[in-house]
Amino acid sequence: MDSLDTRVEQTGQSNTEPSHPELLELYERMLLIRRTEERLSAESMAGSLPGAVHLYIGEEAVAVGVSAQLGDRDYATSTHRGHGHFLAKGGDLNAMMAEIWGKREGICRGMGGSMHVADISKGILGANGIVGAGLAIATGAAYGAKLDSDGKVAVCFFGDGASNQGVLMETLNVSTLWQLPVIFVCENNLFSEFTPSREVTAGRIAGRARAFAMPTHEVDGNDVVAVWQAAAQAVGRARAGGGPSFIEARTYRIQGHFEAESFVLAGGRYREDAEIDEWRMRDPIATLASRLVASGAADAATLDELDVRVRQRVADAVAYAEAGQPADPELALTLMFAGEEA
Ligand SMILES: Cc1ncc(C[n+]2csc(CCOP(=O)(O)OP(=O)(O)O)c2C)c(N)n1
């Protein structure tokens, strides 16, 4: 079946395996994203949030596997589905939740909301409601890093829908020509809003990068270790001056395009429950939990305790967001340019 096609075709293999402590860290980060977004789903459906949220549930292994290879100094650009990228790259949970709740304590003082969480101090150049915009921002950041010879790399997370934007061709071209330290990470979750990718996307997405002779990795995006290994190679290559790489991670969006999409669809369907159920069986977090237990890295009780701690962190973050002050409308026309302070 097309939706389950996760054939792997990659440039070189990495034999390095994450250590047990590294595996546990990957697990905890994925679980933090999952529990955070489960709560956001409930809050959204209850009408407690000031705007829409696009959830990353089911795709956590991509952001976490890639970001584990990055430091705070490295850059990442995100999408409208950006909570996972923000948390994976080390963004602060409380500040993100306050932002989603539209509070002054938010990471962007409540001015951005869910689709614009950013933290420049962590290299998080921002979630973005313009599909494909992160491609140019990441390539620009990588150009800056190259000019400064500072060893930083830039990662661009984008979707299969964004891969049909012309800016992908432009950024593949210029990053190859100038050998920029940028890693293109396509999260191929098989849908663009309510349209199956196969109806709007010709050929293999990674093939677009191969046309520029760019090293490519096509990985199972629900396998955090596979993502981690591909990212290790791509980041290492970029840092060593080897130029850009492309990772196509095949995964699946379990939730709707945005929460409450059912109200918009008004009974219309664009995918079968059976397909969603099949992907639930390949849940990246459950898969890693089995691996942790089988390898002796953790026992079930340890994972349960971890879950309790993570749930508490999320509950605390929601309480923090709820107790915050509403964003100040006076600031709406300030904070537009670098250096402006409120
Ligand atoms: C330039 C632009 N065109 C169209 C849209 C409307 N839009 C919002 S999300 C989306 C689908 C994006 O699909 P994909 O890139 O695969 O990301 P996913 O939602 O699957 O994570 C579209 C078309 C937009 N926000 N920006």
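**Group meeting: a walk around a predicted model**

Let's start with glutamate 272, which counts as exposed because its relative accessibility is 56%. You'll find glutamate 272 in the loop between α10 and α11, the latter covering residues 273-280. Keep in mind as we go that this is a predicted model.

To get a feel for distance, take glutamate 272 together with alanine 118. They are 154 residues apart along the chain, and their C-alpha atoms are separated by 34 Å. Alanine 118 will come back later, when we get to the pockets.

Staying in the loop between α10 and α11 for a moment, we also meet alanine 266 there. Is alanine 266 buried or exposed? Its relative accessibility is 64%, so alanine 266 counts as exposed. The backbone has something to show here too: alanine 266 has a positive phi, about 45°, although it is not a glycine.

There's another residue with that kind of backbone angle. Leucine 190 isn't a glycine either, and its phi is positive at about 75°. Leucine 190 belongs to the loop between β3, residues 182-188, and β4. With a relative accessibility of 9%, leucine 190 counts as buried.

OK, on to the rings. How many aromatic pairs are there? The count comes to 7 aromatic pairs. One of them is phenylalanine 158 with phenylalanine 246, and that pair is edge-to-face, with 6.0 Å from centre to centre and 75° between the planes. Here the pair links distant parts of the chain: phenylalanine 158 is in strand β2, residues 154-159, while phenylalanine 246 is in strand β7, residues 245-250, and the two are 88 residues apart. Phenylalanine 158 has a relative accessible area of 2%, so this residue is buried. For phenylalanine 246 the relative accessible area is 0%, so that one is buried as well.

Now a second pair: phenylalanine 191 and tyrosine 252. Their rings also meet edge-to-face, 6.1 Å centre to centre and with 80° between the planes. Why does this pair tie together separate parts of the sequence? Because phenylalanine 191 lies in strand β4, residues 191-192, and tyrosine 252 in the loop between β7 and α10, residues 261-265, which puts them 61 residues apart in sequence. Both phenylalanine 191 and tyrosine 252 are buried.

And those two have company. Ring pairs link Phe191, Phe194, Tyr252, Tyr270 and Trp279 into a cluster. If you have the structure open, look for two arginines around that cluster. Arginine 271 lies over the face of phenylalanine 191, 5.8 Å from the ring centre. Then there's arginine 282, whose charged end sits over the ring of tryptophan 279 at 4.3 Å from its centre.

Next, a couple of polar contacts. Aspartate 74 is in the loop between α2 and β1, residues 75-77. Its relative accessibility is 3%, so aspartate 74 counts as buried. What does the side chain of aspartate 74 make a polar contact with? The partner is the side chain of arginine 239, at 2.6 Å.

Threonine 201 sits in the loop between α7, residues 197-200, and α8, residues 205-210. With 13% relative accessibility, threonine 201 counts as buried, because the cut-off for that is under 20%. The side chains of threonine 201 and asparagine 164 are joined by a polar contact of 3.0 Å.

Last topic: empty space. Rolling a probe the size of a water molecule over the atoms shows where such space is left. The largest pocket holds about 570 Å³. Its lining is made of 20 residues, and nearest its centre are Ile107, Cys108, Ala118, Leu335 and Met336. So there's our alanine 118 again, among the residues nearest the centre of the largest pocket. By class, this lining has 12 nonpolar, 4 polar and 4 charged residues.

The second largest pocket comes in at about 400 Å³. This one is lined by 20 residues, with Glu25, Leu26, Arg29, Ala68 and Ala88 nearest its centre. Three elements give two or more residues to this lining: α1 (20-45), α2 (60-67) and α3 (83-88). Which element gives the most to the lining? That's α1, with 6 residues. The lining of the second largest pocket divides into 8 nonpolar, 5 polar and 7 charged residues.

That's the tour, thanks for listening.

Definitions and conventions:
Residues are numbered from 1 along each chain as its sequence is written. This is a predicted model: local features need pLDDT of at least 70, side-chain atom pairs count only at pLDDT 80 or more; totals for chains, interfaces and linings use all residues. Side-chain values use heavy atoms; hydrogens and water are left out. Rings of Phe, Tyr and Trp (its six-membered ring) pair if their centres lie within 6.5 Å; planes under 30 degrees apart count as stacked, over 60 as edge-to-face and the rest as tilted. Helices (H or I, at least four residues) and strands (E, at least two) are DSSP runs, numbered from the N terminus. Buried means under 20% relative accessible area, exposed over 50%, partly exposed in between (1.4 Å probe, protein chains only). A charge sits over a ring if NZ of Lys or CZ of Arg is within 6 Å of the ring centre and within 35 degrees of the ring normal. On a 1 Å grid over the protein atoms alone, a cavity is a set of points where a 1.4 Å probe fits but cannot get out, and a pocket is an open set with protein on both sides within 12 Å along at least five of seven lines; lining residues have an atom within 4 Å of a point. Grid points are joined across faces, edges and corners, and a volume is the space filled by probe spheres set on the points. Ala, Val, Leu, Ile, Met, Phe, Trp, Tyr, Cys and Pro count as nonpolar, Asp, Glu, Lys and Arg as charged, and the others, Gly among them, as polar. A polar contact is a pair of N or O atoms within 3.5 Å; within protein, one must be able to donate a hydrogen and the other to accept it, and residues adjacent in sequence count only if both atoms are side-chain atoms.
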